[in-house]
Amino acid sequence: MKFLLDAHTHTIASGHAYNTLYEMIQRAADIGLELIGITEHAPAMPGTCGEFYFRNLRAIDREYLQEKFGIEVLIGAELNIIDRNGGVDLNELGMEYLDVVIASMHLPCLKSGTKQENTQAAIAAIQNPDVDILGHPDDGRYPMDYEPIVRAAKQYGKLLEVNNSSLQPNGYRMNARENYKIMLEYCKKYEQPIVVNSDAHFVTAVGNHQYAEQVLKEVQFPEELVLNGSLEQFFSYTRKYKKKK
Ligand SMILES: [Zn+2]
Ligand SMILES: [Zn+2]
């Protein structure tokens, strides 16, 4: 399995991550990645940057970064799913300069409901045209039905994430491993692609995919459905590419 990209990382701007933009990109370049996504937590997360941070993202010169570090840099966001109707915590102005958009459930921003309610929240986020990737759909604290979620991702052309941080032995999300095994079986059944991301909050986690790779191997997940091996394929799911079309 090839891992050329890591599309989900955080910098000090997120308020509970500990390195700068340059440090995160440099680390990605040093370990041989060809693409890094910097995806700060959106405003509903306590301590993260505000809406104006996102509104001003055109200030980041992507070409300069690419020249300086020799890898592709996507500047995006990890939005909070805030209700069961596809609601997120950035408006159109805040999203204008995002290259990639992840949407995830976080306890400070969304109360868990019944299995049916959580499933509905995930599907509504998938249906939101601004969302590219459903982030860490693995947390047992939000029990979900995986079959309809995988089918919705397939239908709406969205990516599902396998989040390496969730799978760390000291990870705080519940039953991530068991939940991914269920989700990945449905991904196989419906030929739904996934992307492995580190969700790094510190440089040494950038590009770390070891726990995710273990689970993928255990369920004999087909390599062609892991988009980390092809920038071009991954790119076709991102907002940056869709906007160009
Ligand atoms: Zn998250
Ligand atoms: Zn994250």
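**Two zinc ions in a predicted chain**

Gly157, placed just after helix H6, takes a positive phi of about 65 degrees. Helices (DSSP runs of H or I, at least four residues) and strands (runs of E, at least two) are numbered from the N terminus. The model is predicted, so local features need pLDDT of at least 70 and side-chain atom pairs pLDDT 80 or more, while totals for chains, interfaces and linings use all residues. Residues are numbered from 1 along each chain as its sequence is written, chains are lettered from A and ligands numbered from 1 in the order in which they are written, and side-chain values use heavy atoms, with hydrogens and water left out.

The chain as a whole comes next. The protein chain contains 11 helices and seven strands. Along the principal axes, its C-alpha atoms fill a box of roughly 45 × 40 × 35 Å. The radius of gyration of the protein chain is 16 Å, which agrees with the value near 18 Å for a compact globule of 245 residues; this radius is taken over C-alpha atoms, and the globule rule is 2.2 Å times the number of residues to the power 0.38. Of the 245 residues, 56% count as buried, that is, under 20% relative accessible area, with exposed meaning over 50% and partly exposed in between (1.4 Å probe, protein chains only). Among contacts (heavy atoms within 4.5 Å) in the protein chain with a separation of 6 or more, 79% are made by residues 24 or more positions apart.

Two zinc ions are bound to this chain. Ligand 1 is a zinc ion coordinated by Glu78 (OE), His106 (NE2) and His136 (NE2), at 2.1 to 2.2 Å. Donors are N, O and S atoms within 2.8 Å of the metal (3.2 Å for Na, K and Ca), and sites may look incomplete, as water is not among the atoms. In sequence, the donor residues of the zinc ion (ligand 1) follow the pattern E-x27-H-x29-H. Distant parts of the chain are linked here: Glu78 is in strand S3 (residues 72–80) and His136 in the loop between strand S5 (133–134) and helix H6 (146–156), 58 residues apart. Both Glu78 and His136 are buried, the relative accessible area of His136 being 4%. His136 also has a positive phi of about 25 degrees although it is not a glycine. Most residues other than glycine have a negative phi.

The zinc ion (ligand 2) has His8 (NE2), His10 (NE2), Glu78 (OE) and Asp199 (OD) as its protein donors, 2.0 to 2.2 Å away. Their spacing along the chain is H-x1-H-x67-E-x120-D. The angles subtended by the four donor atoms around the zinc ion (ligand 2) run from 82 to 171 degrees, which makes the arrangement irregular. Four donors are tetrahedral if all angles lie between 85 and 135 degrees; four are square planar and six octahedral if opposite donors are over 155 degrees apart and all others between 65 and 115; anything else is irregular. Glu78 coordinates both zinc ions, ligand 2 and ligand 1, which are 3.4 Å apart. His8 in strand S1 (residues 5–9) and Asp199 in the loop between strand S7 (194–197) and helix H9 (210–218) are 191 residues apart, so this pair links distant parts of the chain. Asp199 counts as buried at 3% relative accessibility, and His8 is buried too. Phi of Asp199 is near 55 degrees, a positive value in a residue other than glycine.

Helix H6 follows the loop that holds His136. The buried residues of H6 are Tyr146, Ile149, Val150, Ala152 and Ala153. Seen down the helix axis, these buried residues fall within an arc of 160 degrees, so they line one face of H6; the arc is that of the directions from the helix axis to the C-beta atoms. Their cover includes helix H5 (115–127), S5, strand S6 (159–163) and helix H8 (176–190).

Helix H8 holds Leu184, which counts as buried at 0% relative accessibility. The C-alpha atoms of Leu184 and Val150 are separated by 8.9 Å, with their positions 34 residues apart along the chain. Apart from neighbours within four places in sequence, Leu184 is in contact with Val162, Ile194, Val215, Leu216, Val219 and Phe221.

Another buried residue sits in a loop. Asp99 is placed between helix H4 (92–95) and strand S4 (101–104) and counts as buried at 8% relative accessibility. Not counting residues up to four places away in sequence, Asp99 touches several residues, including Arg62, Val73, Asp132 and Arg239. Asp99 and Val73 are 26 residues apart in sequence and 9.1 Å apart in space, C-alpha to C-alpha.
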